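Welcome, and please have a look at the model below. The notes that follow walk through a few of its features, with headings to help you find your way.

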Amino acid sequence: MAPIVSAECALGASSPQVAFAAPDQCVVVTGQRLKFATCSAPLEPDETRWHAGNTPHGVALVATCPKAGVFAFTERTQRPAIEMCTYPDMMPKCTLEFEALEFTAMAFLRNGKQFAALTGLPQPTLVVWSMDTLTVLVSVPLAVPCDSLSFNPGADGLLCTQASKKLTMW
């Protein structure tokens with residue numbers, strides 16, 4: 001059976017970005033909002049919840065941590081902040097800031113105790129925050145801009161960044 005797709009699911013995105021907020025709930029960037037839907041019925045209105053961004057410019061990135069019950073997003077603005085909210089109640093939790101014109105990727109450690117982000121301009125950087133203290137644990141300039149970031153699910157503290165022709169383990 002072919003997947004069901006609606007125009008609303010693709011608003012504002014150059015490529016689809018899907019994350020999981022819970023084992024049966026996915027979240028999709030849809031223009032100025034995040035769409036939380038049941039994975040088995042993504043177009044069912046009764047099973048859909050929305051979270052609006054803070055500006056009219058649209059949501060750029062989303063990352064989730066089902067184990068900690070939180071999600072993070074950035075918007076398509078210069079010098080964006082990373083907004084953290086709880087799930088499923090969608091309440092604001094905290095805001096992370098870092099001096100950058102853009103973020104290109106974000107990820108949570110599986111248990112939610114750390115959060116990492118990649119910046120683009122003016123200097124590509126890997127930044128890792130402690131979610132307990134909301135402080136930057138490390139900030140490392142990158143030789144090339146990266147567009148993918150993930151924590152190693154088998155070992156806390158190991159990160160992987162990826163550029164078009166460069167894979168780095170941290």
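## A histidine to start with

Is His 51 buried or exposed? This is a predicted model, and in it His 51 has a relative accessibility of 12%. Because buried means under 20%, His 51 counts as buried.

His 51 sits in strand β4, which spans residues 48-52. Leaving aside residues up to four places away in sequence, His 51 touches Gln 32, Arg 33, Leu 34, Phe 36, Phe 71, Phe 73, Cys 85 and Met 90. One of these contacts, Met 90, comes back further down for its backbone.

## Strands β2, β3 and β4

Strand β3 (residues 33-38) is largely enclosed by the rest of the structure, because 5 of its 6 residues are buried. On one side, β3 pairs with strand β2 (residues 25-30) in the antiparallel sense, over 6 bridges. Thr 30 stands opposite Arg 33 of β3. The two strands form a hairpin with 2 residues between them, and in that turn Gly 31 has a positive phi of about 70°.

β3 also runs antiparallel to β4, with 5 bridges joining them. Here Phe 36 stands opposite Arg 49 in β4.

## Strands β9, β10 and β11

A comparable set of questions can be asked further along the chain. How many of the 6 residues of strand β10 are buried? The count is 5, and β10 (residues 114-119) is mostly covered. β10 pairs with β9 in the antiparallel sense over 5 bridges, and Phe 103 stands opposite Thr 119 in β10. β9 and β10 form a hairpin with 5 residues between them, and Gly 112 in the turn has a positive phi of about 85°.

β10 pairs with strand β11 (residues 125-130) as well, again in the antiparallel sense, over 6 bridges. In β11, Val 128 is the bridge partner of Ala 116. The hairpin formed by β10 and β11 has 5 residues between the strands.

Met 106 is a handy residue for seeing what surrounds β9, the strand in which it lies. Met 106 is buried, with a relative accessible area of 10%. Its contacts, not counting residues up to four places away in sequence, include Leu 61, Val 62, Ala 63, Phe 73, Ile 82, Phe 115, Ala 116 and Leu 149. Between the C-alpha atoms of Met 106 and Val 127 there are 9.5 Å, while along the chain these residues are 21 apart.

## The second largest pocket

If you would like a site to inspect, the second largest pocket holds about 240 Å³ of space. Its lining has 14 residues, and those closest to its centre are Thr 64, Phe 108, Leu 109, Arg 110 and Phe 151. Three strands each supply at least two lining residues: β5 (59-65), β9 (103-108) and β13 (148-151). By type, the lining divides into 9 nonpolar, 3 polar and 2 charged residues.

## One salt bridge

How many salt bridges does a search of the whole structure find? It finds 1. The side chains of Arg 79 and Glu 99 meet there, at 3.2 Å from N to O. This pair links distant parts of the chain, 20 residues apart: Arg 79 is in the loop between β6 (70-75) and β7 (82-86), and Glu 99 is in the loop between β8 (92-96) and β9. Glu 99 counts as exposed, at 59% relative accessibility.

## Backbone points to check

Most residues other than glycine have a negative phi, and most peptide bonds are trans. The following places depart from that pattern. The peptide bond from Tyr 87 to Pro 88 is cis, with omega near 15°, and Pro 88 lies in the loop between β7 and β8. A cis peptide bond also joins Leu 121 and Pro 122, with omega about 0°; Pro 122 is in the loop between β10 and β11.

Met 90 has a positive phi, near 60°. Met 90 is in the loop between β7 and β8 and counts as buried at 11% relative accessibility. Leu 134 has a positive phi of about 60° too. Leu 134 is found in the loop between β11 and β12 (135-141), and with a relative accessible area of 38% Leu 134 is partly exposed.

Technical notes:
Residues are numbered from 1 along each chain as its sequence is written. This is a predicted model: local features need pLDDT of at least 70, side-chain atom pairs count only at pLDDT 80 or more; totals for chains, interfaces and linings use all residues. Side-chain values use heavy atoms; hydrogens and water are left out. On a 1 Å grid over the protein atoms alone, a cavity is a set of points where a 1.4 Å probe fits but cannot get out, and a pocket is an open set with protein on both sides within 12 Å along at least five of seven lines; lining residues have an atom within 4 Å of a point. Grid points are joined across faces, edges and corners, and a volume is the space filled by probe spheres set on the points. Helices (H or I, at least four residues) and strands (E, at least two) are DSSP runs, numbered from the N terminus. Ala, Val, Leu, Ile, Met, Phe, Trp, Tyr, Cys and Pro count as nonpolar, Asp, Glu, Lys and Arg as charged, and the others, Gly among them, as polar. Buried means under 20% relative accessible area, exposed over 50%, partly exposed in between (1.4 Å probe, protein chains only). Contact means heavy atoms within 4.5 Å. Two strands pair if DSSP finds at least two bridges between them. A salt bridge is a side-chain nitrogen of Lys or Arg within 4 Å of a carboxyl oxygen of Asp or Glu.
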